[in-house]
Amino acid sequence: MAGRNALMKIGTLMRQEEILDERRRRSRAWRNGLRCLLSLLILISAAPAYAHKVNVFAYVEGAQVYVQGYFLDGKKTKNSAVVVYGENDARLAEGVTNGEGEYVFNVIPNQDMRIVLNAGQGHQAEYRLSVADIAGGELHDTPLLNDASVGNAESGAHVGAPVTGSGNGGNIEAVVRRAVTESMLPMARELAELKERRGLSDIIGGLGFIIGILGVFAYLKSRKPG
Amino acid sequence: MHISDGILSGPVLAAGFVGTAVIAGLTLRNMDMEEIPKVSVITAVFFVASLIHVPVGPSSVHLILNGLVGVVLGWRAFPAIMLGVILQAILFGHGGVSVIGANCVMLGGGALAAYGVWQLRHWFSLERKEVIFGALAGGSATLVSGMVLSLALVTTGEQFLVMAGAALAAHIPVMIIEAVVVGAAAGFLAKVRPHILAGNTAPALLGRPSA
């Protein structure tokens with residue numbers, strides 16, 4: 001009798017042990033899952049956060065405008081449609097980017113330009129060039145402009161070599177301007193990327209928003225009578 | 001998959017907002033206090049998911065995880081994704097601000113489709129059915145969102161079948177990855193906290209100790 005009671009007690013104790021083990025295992029699994037999530041979040045925040053966005057910028061060199069499209073993680077936008085709008089949304093030029101994501105067209109003077117690049121699937125970006133930008137890059141009142149603008153073909157989907165100087169005195173200015181533009185290019189690109197970069201603070205801000213909004217929601221819910 | 005500003009016309013944008021308002025109103029009804037922490041965590045996961053890039057061929061894609069949202073939150077997936085999309089647009093510039101309505105319908109619709117596929121598991125009794133149906137739900141979420149994207153882009157003059165084909169082709173890698181991630185997550189949650197998944201009853205009703 002006593003022996004059976006003892007066995008039953010041991011049985012109950014073993015059953016309780018099993019339940020506790022089960023609970024420990026479950027909470028360990030739960031903790032592991034949370035650790036995974038946390039490390040994932042930390043990994044994400046360590047890398048620069050680029051939304052999968054398409055970006056475009058354009059610069060004037062000589063008598064042509066070079067349009068460059070790219071995704072923010074560095075990939076170029078190949079075969080993307082480019083449309084250039086002038087004043088009153090008049091279509092000034094259109095074409096398709098080449099394998100390097102570039103599209104070139106001839107400058108149309110004295111117009112603010114809005115360059116729109118569509119990379120398909122709902123991804124689109126635009127870049128504005130004002131008359132001042134164009135004037136800055138263009139070469140006014142130099143023999144070069146006459147050479148460049150006369151008789152140029154309308155199609156722009158090629159990467160032509162920029163117009164080079166022809167040994168004239170006024171062309172030192174042109175050469176200098178070209179050199180400055182070329183050295184500005186990587187900076188312009190980095191600036192565009194920097195403007196789009198989303199850091200850890202944006203992520204934390206978003207998470208805070210989520211918790212906050214849902215917290216307000218919960219508070220309002222708790223105040224409902226009954 | 002988020003649509004940028006300036007692509008869709010006014011009526012489509014308006015329809016997006018109206019659709020979002022209607023569906024949000026329907027799915028927010030009788031929301032329990034208890035659900036709010038869960039919605040909060042899953043919204044945070046969805047919000048951050050778009051930062052995870054996966055290089056695919058010439059371009060790269062990012063995770064969406066609206067399938068996971070549907071599998072865990074059920075009907076509440078739509079308001080969760082709505083909040084996530086709004087914050088992604090405002091803070092990350094991910095998707096245009098004028099297109100928030102359309103993006104919500106696109107991604108929220110995918111999540112609700114995933115919930116539908118996920119609920120089909122009740123008709124089967126298979127080993128590890130949560131993993132299987134979680135994977136199916138993850139893939140179908142991307143599929144349905146791609147269809148809505150193609151529908152929206154039809155109004156810009158594109159051919160639906162052409163757009164749908166292109167959207168599908170571009171998102172097949174995403175579909176596979178989403179299927180794997182959601183299937184794994186659903187399987188894991190089914191083992192440790194099955195009551196968290198949508199369509200499973202809470203432990204109190206089953207008499208199990210809530211570990």
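Contact here means heavy atoms within 4.5 Å of each other. With that in hand, let's walk through this predicted model, starting where its two chains meet. By this criterion, chain A brings 37 residues to the contact and chain B brings 48 residues.

How much area is buried between chain A and chain B? The figure is about 3,700 Å², and carbon and sulfur atoms give 69% of that. On the chain A side, A:Arg26, A:Trp30 and A:Gln121 are the residues that lose the most area to chain B, and together they account for 19% of what that side buries.

Which helices of chain A each supply at least two residues of the side that touches chain B? They are helix H1, spanning 2-46, and helix H5, spanning 200-222. The largest share belongs to H5(A), with 14 residues. Sorted by character, the chain A residues that touch chain B comprise 18 nonpolar, ten polar and nine charged. As for specific pairings across the boundary, the count of salt bridges between chain A and chain B is zero, while three residue pairs are found in polar contact, with both partners at pLDDT 80 or more.

Now let's turn to a sheet within chain A. Four strands form an open sheet in the order S4-S3-S6-S7, and their pairing is antiparallel. Why is one side of S4 and of S7 left without a neighbour in the sheet? Strand S4 (91-96) and strand S7 (124-129) of chain A stand at the edges, so each has a single partner strand. On average, neighbouring strands of this sheet are turned by 15 degrees against each other, direction ignored.

Further in, strand S3 (residues 81-85) and strand S6 (residues 113-118) of chain A pair in the antiparallel sense over five bridges. To find your place in this pairing, look for A:Ala81, whose bridge partner in S6(A) is A:Asn118.

A good residue to finish on is A:Arg91, which lies in strand S4 of chain A. Leaving aside residues up to four places away in sequence, A:Arg91 touches A:Val83, A:Val84 and A:Tyr85; strand S3 of chain A covers residues 81-85, so you can follow these contacts from one strand to its neighbour in the order S4-S3-S6-S7. Within its own stretch of chain, the side chain of A:Arg91 is joined to that of A:Glu94 by a polar contact of 3.0 Å. Looking across the sheet, A:Arg91 and A:Ile115 are 24 residues apart in sequence, and their C-alpha atoms are 10.0 Å apart in space.

Note on methods: Residues are numbered from 1 along each chain as its sequence is written. Chains are lettered from A and ligands numbered from 1 in the order in which they are written. This is a predicted model: local features need pLDDT of at least 70, side-chain atom pairs count only at pLDDT 80 or more; totals for chains, interfaces and linings use all residues. Side-chain values use heavy atoms; hydrogens and water are left out. Two strands pair if DSSP finds at least two bridges between them. Axes are lines fitted to C-alpha atoms, for helices over the stretch in contact, and angles run from 0 to 180 degrees between N-to-C directions. Buried area is the accessible area (1.4 Å probe) that two parts lose on being put together, summed over both. A salt bridge is a side-chain nitrogen of Lys or Arg within 4 Å of a carboxyl oxygen of Asp or Glu. A polar contact is a pair of N or O atoms within 3.5 Å; within protein, one must be able to donate a hydrogen and the other to accept it, and residues adjacent in sequence count only if both atoms are side-chain atoms. Ala, Val, Leu, Ile, Met, Phe, Trp, Tyr, Cys and Pro count as nonpolar, Asp, Glu, Lys and Arg as charged, and the others, Gly among them, as polar.
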